[in-house]
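Please look through the predicted model shown here, beginning with a single side chain and widening the view step by step to the whole chain.

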Amino acid sequence: MKNKKFALVIGIISAVAALSAALTAFFIVKDKQKKDDEELMEYLDSSIE
C-alpha cells in the first residue's frame, strides 16, 4: 500500500514536470518565431524603401 502511494506521488510529480517542460519549450519556440517574423518584416520594409 505504501509503495503504491509513493509511486502515485512520483508519477504525478513526473507528469507535472513533463507538462511544464513542454509548455516552456512551446512558449520559447513561439517567442522565437515571433521575433523572426518581426525581423523579416523589418528587413522587407527597409528593402522596399
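E42 has a relative accessible area of 60% and is therefore exposed, since exposure is assigned over 50%. This residue lies in helix 1, as does D45, but D45, with a relative accessible area of 44%, is only partly exposed. Both residues take part in a negative patch on the surface, which is formed by D37, E38, E39, E42, D45 and E49.

The charges of the protein can also be considered as two groups, and here the mean position of the 7 positive charges and that of the 8 negative charges are 29 Å apart. A distance along the chain helps to place D45 in the model: its C-alpha atom is separated by 65 Å from that of K2, with the two residues 43 apart along the chain.

A nonpolar patch is present on the surface as well, where L19, L23, F26 and F27 together contribute about 430 Å² of accessible area. One of these residues, F27, is placed in helix 1, which covers residues 2-48, and F27 counts as exposed because its relative accessibility is 52%.

For the protein as a whole, the secondary structure consists of one helix and zero strands, and the C-alpha atoms fill a box of roughly 75 × 5 × 5 Å when taken along the principal axes. Of the 49 residues, 0% are buried, a class that requires under 20% relative accessible area. The accessible surface amounts to about 4800 Å², and carbon and sulfur atoms account for 69% of it.

Terms used. Residues numbered from 1 in each chain as written. Predicted model: local features only at pLDDT ≥ 70, side-chain atom pairs only at ≥ 80, totals over all residues. Heavy atoms only, no water. Patch = residues over 30% accessible without salt bridge, like charges linked within 9 Å, V, L, I, M, F, W, Y side chains within 5 Å. Areas by Shrake-Rupley, 256 points an atom, 1.4 Å probe, with all protein chains shown as cover. Salt bridge = Lys/Arg side-chain N within 4 Å of Asp/Glu carboxyl O. Helix = DSSP H or I, 4+ residues; strand = E, 2+ residues; numbered from the N terminus. Buried < 20%, exposed > 50% of the residue type's maximum accessible area, 1.4 Å probe, protein only. Lys, Arg positive; Asp, Glu negative; His and termini not counted. Charge placed at Lys NZ, Arg CZ, Asp CG, Glu CD.
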